[in-house]
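Let's look at how a few structural labels are earned. Each turn sets a computed value beside the rule that gives it a name.

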Amino acid sequence: MADINENQTAPEALKQWRTAERMVAVARRGRLAAQAAAAAAQEAAEAAIATAEASKTALAAATFAESSASKTATAARLTVESTLVDVAETESETAFAEVDEAEAKGRYHDAAARAGKKKIAPEAS
């Protein structure tokens, strides 16, 4: 190769140099592109891991929320059932109270009528 270099003309050597410079520039751009691609791949991998962790957390939260909602629905159903029993009991108590009130009213009217007859009877004698 030393023989070739000694016999090479300046224009030929310049041409080889320019070609070598272009090859170095292309190689450097390739290296920079590869480094950028590697960095982007690393970011993508980290983002995928973070997304997976967030998905696990979201699933756990959704599972907890579903469980909580189910418990709330059960408590609401029990409250409704208990309230319906209370309504039925108060309706029954109201019916009994109305019967008692009607009987007491009848006794009052009977007593008032008897009292009125007693007062009228002595004056009529």
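Q: How much of the protein chain is made up of buried residues, and what makes a residue buried?
A: Buried residues account for 1% of the 125 residues in the protein chain. A residue is buried under 20% relative accessible area, exposed over 50%, and partly exposed in between, using a 1.4 Å probe and protein chains only.

Before going on, a word on the source: this is a predicted model, where local features need pLDDT of at least 70, side-chain atom pairs count only at pLDDT 80 or more, and totals for chains, interfaces and linings use all residues. Residues are numbered from 1 along each chain as its sequence is written, and side-chain values use heavy atoms, with hydrogens and water left out.

Q: Why is Pro11 called exposed?
A: Pro11 has a relative accessible area of 59%, and exposed means over 50%, so Pro11 earns the label exposed.

Q: Why is Ala50 called partly exposed?
A: Its relative accessible area is 42%. Partly exposed covers the values between the buried and exposed cut-offs, so partly exposed is the right name for Ala50.

Q: What makes Lys117 exposed?
A: Lys117 has a relative accessible area of 61%. The cut-off for exposed is over 50%, so Lys117 is exposed.

Q: Where do Pro11, Ala50 and Lys117 sit?
A: Pro11 lies in helix α2, which takes in residues 10-124. Ala50 belongs to helix α2, and so does Lys117. Helices (H or I, at least four residues) and strands (E, at least two) are DSSP runs, numbered from the N terminus. The protein chain has two helices and zero strands.

Q: How far apart in space are Ala50 and Lys117?
A: Their C-alpha atoms are 97 Å apart, with their positions 67 residues apart in sequence. For Lys117 and Leu14, 103 residues apart in sequence, the C-alpha distance is 147 Å.

Q: How do you know what a compact globule of 125 residues would give as its radius of gyration?
A: The rule is 2.2 Å times the number of residues to the power 0.38, with the radius taken over C-alpha atoms. That globule would have a value near 14 Å, but the protein chain has 52 Å. Along its principal axes the C-alpha trace spans about 170 × 25 × 10 Å.

Q: What makes Arg18 count as lying over the face of Trp17?
A: A charge sits over a ring if NZ of Lys or CZ of Arg is within 6 Å of the ring centre and within 35 degrees of the ring normal. Arg18 lies over the face of Trp17, at 4.9 Å from the ring centre.
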